[in-house]
2 protein chains.
Amino acid sequence: MKEKELRRSLAVLPIGTVMKLTNLSARQIRYYEEQQLVTPKRNEGNRRMYSLNDIDRLLEIRDFLDEGINMAGIKHIYDDEARKKAQKKAQLEKPLTDTDVRKILRDEFMSVSGLARDDEFSFKHNKNF
Amino acid sequence: MKEKELRRSLAVLPIGTVMKLTNLSARQIRYYEEQQLVTPKRNEGNRRMYSLNDIDRLLEIRDFLDEGINMAGIKHIYDDEARKKAQKKAQLEKPLTDTDVRKILRDEFMSVSGLARDDEFSFKHNKNF
DNA sequence: CATTCAATGTTACTTTTTCTTACATGATTT
DNA sequence: AAATCATGTAAGAAAAAGTAACATTGAATG
């Protein structure tokens with residue numbers, strides 16, 4: 001469903017439309033952008049252009065505000081989300097390095113065997129593992 | 001899926017966006033409207049606002065033109081479509097009459113059996129079928 | 001071949017929309 | 001009370017879009 005994703009991220013809506021769809025004022029919408037909660041594209045003439053994803057985000061912001069959460073709170077929520085997403089993505093993108101694999105195996109081994117001493121069973125410095 | 005239908009018919013796009021999405025000039029888009037091939041909404045300020053359905057329609061028109069079909073031809077196609085759709089809708093709204101049922105059955109029978117002659121197998125004038 | 005017509009381009013001028021910036025205001029928070 | 005947050009409002013400039021008229025081009029037709 002890559003197609004749908006693309007459509008939802010297409011910046012095709014002017015701010016006037018967004019105002020109607022979200023019941024937010026232009027001032028509010030621009031302010032939320034200033035606060036980095038949305039990042040609309042700009043067209044050649046410097047007009048803000050919004051995607052369906054942006055609309056969703058703005059509706060969500062509106063709901064958060066209605067719930068009494070302030071800008072800082074909302075920012076925090078989105079920062080959290082972004083961090084988690086970035087981490088998950090990073091994991092999926094590049095497969096584990098050798099070092100990662102060694103670390104995971106060692107950790108696994110340790111937790112299973114209960115070994116935690118730097119003894120003959122340690123993998124430390126064992127480049128051939 | 002009434003939700004989706006609604007979204008697709010929401011007039012949210014200004015002509016500038018439509019130009020980009022369809023690769024048509026403003027002149028072309030307005031001309032097709034003049035020819036009644038599309039009927040965008042207008043906002044309070046009299047600016048044309050298009051829906052996703054309108055976009056589809058315009059892309060289709062573009063394709064027809066590319067195929068060498070002229071306005072008249074395209075109009076005809078859409079008129080046909082509209083007539084068929086209206087008919088189907090009318091059918092769905094009020095259940096079939098006895099006459100309709102008889103006609104449908106006869107047509108079906110004819111096409112299956114290959115009979116087309118006015119002979120002893122004909123249902124013509126057989127009110128009791 | 002000259003004419004006509006359909007489809008589109010172009011230009012001029014007006015109105016609407018959007019932009020930025022600055023200042024104002026009513027709640028909170030400190 | 002002073003500061004800060006979220007939003008409103010106003011001014012002036014730039015961009016987008018509207019209509020209307022005339023221009024161009026390619027295809028069909030007498």
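A polar contact is a pair of N or O atoms within 3.5 Å. The views below come from a predicted model.

**View 1. Polar contacts of chain A with DNA strand D.** A polar backbone atom of M71(A) is 2.9 Å from a phosphate oxygen of DNA strand D. The side chain of Y32(A) has an N or O atom 2.9 Å from a phosphate oxygen of this strand. Y31(A) also takes part, with a polar side-chain atom lying 3.2 Å from a phosphate oxygen of DNA strand D. M71(A) thus appears with its backbone, while Y31(A) appears with its side chain.

**View 2. Residues around DNA strand D.** There are 19 residues around DNA strand D, and S25(A), R27(A), Y32(A), M71(A) and R48(B) come nearest. By class, the surface near this strand has six nonpolar, seven polar and six charged residues. On the DNA side, 75% of the strand D atoms within 4 Å of the protein belong to sugar or phosphate, and the rest belong to bases.

**View 3. Helices at DNA strand D.** Helix 3 (26-34) of chain A and helix 2 (15-22) of chain B each supply at least two residues of the surface near DNA strand D. Helix 3 of chain A gives the most, with four residues.

**View 4. Polar contacts of both chains with DNA strand C.** A polar backbone atom of R48(A) is 2.6 Å from a phosphate oxygen of DNA strand C. R47(A) has a polar side-chain atom 3.3 Å from a sugar or linking oxygen of DNA strand C. From chain B, a polar side-chain atom of Q28(B) lies 3.1 Å from a phosphate oxygen of DNA strand C.

**View 5. Residues around DNA strand C.** DNA strand C is surrounded by 19 residues, the closest being R48(A), S25(B), R27(B), Y32(B) and M71(B). The surface near this strand divides into six nonpolar, seven polar and six charged residues. Of the strand C atoms within 4 Å of the protein, 73% are part of sugar or phosphate, and the rest are part of bases.

**View 6. Helices at DNA strand C.** Helix 2 (15-22) of chain A and helix 3 (26-34) of chain B each provide at least two residues of the surface near DNA strand C. The most come from helix 3 of chain B, which gives four residues.

Note on methods
Residues numbered from 1 in each chain as written. Chains lettered and ligands numbered in written order. Predicted model: local features only at pLDDT ≥ 70, side-chain atom pairs only at ≥ 80, totals over all residues. Heavy atoms only, no water. Near = heavy atom within 4 Å. Polar contact = N/O pair within 3.5 Å; in protein donor to acceptor, adjacent residues only side chain to side chain. Nonpolar A, V, L, I, M, F, W, Y, C, P; charged D, E, K, R; others polar.
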